[in-house]
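Hi everyone, thanks for making time this morning. Let's take a look at one structure together, and please stop me whenever something is unclear.

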Amino acid sequence: MLRLVVDPVACDAFGFCAEVAPELIHLDEWGYPVIDGEVTRATKALAGQAVSMCPRRALSLRSST
């Protein structure tokens, strides 16, 4: 399984990720992403798009063990 991970130090709260993948990400009160769940087959493409669109490269996909 894959999981979406946010680097809180690198993130500048642009919010693009939540716009691209609202099924996986919502924003907290300051605009920082909060991951809502595991990446599934159905959401893998959205997660990958959110990772690639992040201007600060603060998102990554990692294997969960």
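## A walk through the model

Let's start with Ser-52, which is found in helix H2. Keep in mind throughout that what you have on the screen is a predicted model. Is Ser-52 buried or partly exposed? With a relative accessibility of 45%, Ser-52 counts as partly exposed. If you pick out Leu-24 as well, you'll find that its C-alpha atom and that of Ser-52 are separated by 15 Å, with their positions 28 residues apart along the chain.

Now to the inside. Which residues make up the largest nonpolar core? There are 12 of them: Leu-4, Cys-17, Ala-18, Val-20, Ala-21, Leu-24, Ile-25, Val-39, Ala-47, Ala-50, Val-51 and Leu-59. Two helices, H1 (16-20) and H2 (44-53), each supply at least two residues of this core. As general background, nonpolar side chains tend to be buried together in soluble globular proteins. Take Ala-18, one of the core residues. Once we leave aside its neighbours within four places in sequence, Ala-18 is in contact with Ile-25 and Leu-27.

Next, the empty space. How many cavities of 30 Å³ or more does the structure hold? The count is 1. The largest cavity contains about 100 Å³ of space. Its lining is made of 14 residues, and the closest to the centre are Cys-11, Phe-14, Gly-15, Cys-17 and Cys-54. By character, that lining divides into 11 nonpolar residues, 1 polar and 2 charged. Cys-17 is worth highlighting on your screen, as it appears in the core list and also among the residues closest to the cavity's centre.

On to charges. Side chains of opposite charge can pair when their charged atoms come close. Here we have 1 salt bridge in the structure. The partners are Arg-56 and Asp-12, and their closest N and O atoms are 3.4 Å apart. What does this pair tie together? Arg-56 lies in the loop between H2 and strand E4 (59-63), while Asp-12 lies in the loop between strand E1 (2-6) and H1, so the bridge links parts that are 44 residues apart in sequence. Both partners are partly exposed: Arg-56 has a relative accessible area of 41%, and Asp-12 has 42%.

Those two loops have something else for us. In the loop between E1 and H1 we also find Ala-13, which has a positive phi of about 60° although it is not a glycine. Ala-13 counts as partly exposed, at 22% relative accessibility; the cut-off for buried is under 20%. Over in the loop between H2 and E4 sits Arg-57. Arg-57 is not a glycine either, yet its phi is positive, at about 55°. With a relative accessible area of 58%, Arg-57 is exposed.

Last stop, the beginning of the chain. Met-1 is found in the segment before E1, and with a relative accessible area of 63% it is exposed. What does Met-1 touch, not counting residues up to four places away in sequence? The list is Glu-38, Val-39, Arg-62, Ser-63 and Ser-64. Val-39 should sound familiar, as it is one of the core residues. Ala-21 belongs to that core too, and its C-alpha is 17 Å from the C-alpha of Met-1, with the two residues 20 apart in sequence.

That's my tour; happy to take questions.

How values were computed:
Residues numbered from 1 in each chain as written. Predicted model: local features only at pLDDT ≥ 70, side-chain atom pairs only at ≥ 80, totals over all residues. Heavy atoms only, no water. 1 Å grid on protein atoms, 1.4 Å probe; cavity = no way out; pocket = protein on both sides within 12 Å on 5 of 7 lines; lining within 4 Å. Points joined across faces, edges and corners; volume = space filled by probe spheres on them. Nonpolar A, V, L, I, M, F, W, Y, C, P; charged D, E, K, R; others polar. Core = buried A, V, L, I, M, F, W, Y, C linked by side-chain atoms within 4.5 Å. Buried < 20%, exposed > 50% of the residue type's maximum accessible area, 1.4 Å probe, protein only. Helix = DSSP H or I, 4+ residues; strand = E, 2+ residues; numbered from the N terminus. Contact = heavy atoms within 4.5 Å. Salt bridge = Lys/Arg side-chain N within 4 Å of Asp/Glu carboxyl O.
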